[in-house]
Amino acid sequence: MTNTTIGELSRMTQFKDKSTKIKTANGMETIPTGLLMYPTLMAGDILLYDPDLVPVGVDQKQHVELTRNLAQRLNHKFNLDFKIPQPYIPQIGAKIMSLIDPTKKMSKSDSNKKAAIYLLDDPDEAYKKIIKAVTDSEGKIYLSDDKPGIKNLLSIYASLVDISLEETEKKFHDKNYGELKQEVGLVVKNFLIEIQKKYHTALNSIDEFAKIGANQAKKIASKNLEKLMKGLGLKNESKS
């Protein structure tokens, strides 16, 4: 944490956005320190495991850029060799928007549960959420930042069917909003049915998977932690 600055952390978009919400909610500037320091902790979690790519949404790209800067800083200052990871952001679906307010990002913490699709949602209920998704009154389907609700539905469809946004736009160009919502809703419903089958199957082996993953992660993390502590001139007394 001592190798990041208050200036860097306070410029994080998520910090500024969430700080504003906290101020608005209680009328006071009682912003938790954890909110400011979170990107540094995230950087530690990333660098500890030597990744080449970090899968993130668009809103997390800035945090990965901070991680890259921190890795370069540590490597230069302490003669270390942390990998400089790259953010991996999918071309489609990197930022899915709220179904109730498509100008805002879809969030699992949204107080309105109709605004988001959860992986363990009842598939029929998820279908209904799509049917009730906010769009606009124009009635025409095309890609435009001025039509965030329609663009969001097209993005959801394209990401789940694995086609481009342009192909999706062409597919629905001559259809109405109701038809678009029905097809997107059906794709979402079928996706949830399949992923929930895999989820319930995996539950039977979750402890085994967790143990295997923990052992693999521990090997990588222990090596990098030892390397970091030596570089910082600290003695690592813990035994892995």
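Between which two elements does the loop that holds aspartate 50 lie? Select aspartate 50 and look at both sides of it along the chain: this residue lies in the loop between H3 and strand E1 (53-55). Helices (H or I, at least four residues) and strands (E, at least two) are DSSP runs, numbered from the N terminus.

Before going further, keep in mind that this is a predicted model, in which local features need pLDDT of at least 70 and side-chain atom pairs count only at pLDDT 80 or more, while totals for chains, interfaces and linings use all residues. Residues are numbered from 1 along each chain as its sequence is written, and side-chain values use heavy atoms, with hydrogens and water left out.

**Stop 1: the whole chain**

Zoom out until the whole protein is in view, and you should find nine helices and two strands, which follow the pattern α-α-α-β-α-β-α-α-α-α-α along the sequence. The C-alpha atoms fill a box of roughly 65 × 45 × 35 Å, taken along the principal axes. Of the 240 residues, 32% count as buried, a word that stands for under 20% relative accessible area, whereas exposed stands for over 50% and partly exposed for what is in between (1.4 Å probe, protein chains only).

**Stop 2: two domains**

Colour residues 6-92 as domain 1 and residues 94-239 as domain 2; these bounds come from an automatic or database domain assignment. The C-alpha centres of the two domains lie 21 Å apart, and the contact between them takes 15 residues from domain 1 and 19 residues from domain 2, where contact means heavy atoms within 4.5 Å. Domain 1 and domain 2 bury about 1400 Å² between them, with 69% of that on carbon and sulfur atoms; buried area is the accessible area (1.4 Å probe) that two parts lose on being put together, summed over both. Now select Leu48, Tyr49 and Ile92, the residues of domain 1 that lose the most area to domain 2, together 41% of what that side buries.

**Stop 3: back to aspartate 50**

Return to aspartate 50, whose phi is near 55°, a positive value in a residue other than glycine. Most residues other than glycine have a negative phi. Aspartate 50 counts as buried because its relative accessibility is 17%.

**Stop 4: helix H6 and what follows**

Select residues 148-161, which make up helix H6. H6 has 14 residues and reaches 20 Å from its first C-alpha to its last, close to the 20 Å expected, the expected span being 1.5 Å times one less than the number of residues. Among the buried residues of H6 are Gly149, Ile150, Leu153 and Tyr157, and what covers the buried residues of this helix includes helix H5 (123-131), H7 and helix H8 (177-203).

Move on to aspartate 162, in the loop between H6 and H7. Is aspartate 162 buried or exposed? Aspartate 162 counts as exposed because its relative accessibility is 69%, and its phi is positive, near 65°.

**Stop 5: an aromatic pair**

Rings of Phe, Tyr and Trp (its six-membered ring) pair if their centres lie within 6.5 Å, and planes under 30 degrees apart count as stacked, over 60 as edge-to-face and the rest as tilted. By this rule the count comes to one aromatic pair. Show the side chains of tyrosine 157 and phenylalanine 172, which form this edge-to-face pair, 5.0 Å centre to centre with 90° between the planes. Tyrosine 157 is in helix H6 and phenylalanine 172 in helix H7 (residues 165-172), so that the pair links distant parts of the chain, 15 residues apart. Tyrosine 157 and phenylalanine 172 are both buried.

Add lysine 171, which lies over the face of phenylalanine 172 at 5.6 Å from the ring centre; a charge sits over a ring if NZ of Lys or CZ of Arg is within 6 Å of the ring centre and within 35 degrees of the ring normal.

**Stop 6: helix H9**

Finish by selecting helix H9 (residues 206-231), whose 26 residues should span 38 Å at 1.5 Å a residue, which agrees with the 37 Å between its end C-alpha atoms. The buried residues of H9 are Ala221, Asn224 and Met229, and they pack against helix H3 (33-47). Just after H9, glycine 233 takes a positive phi of about 80°.
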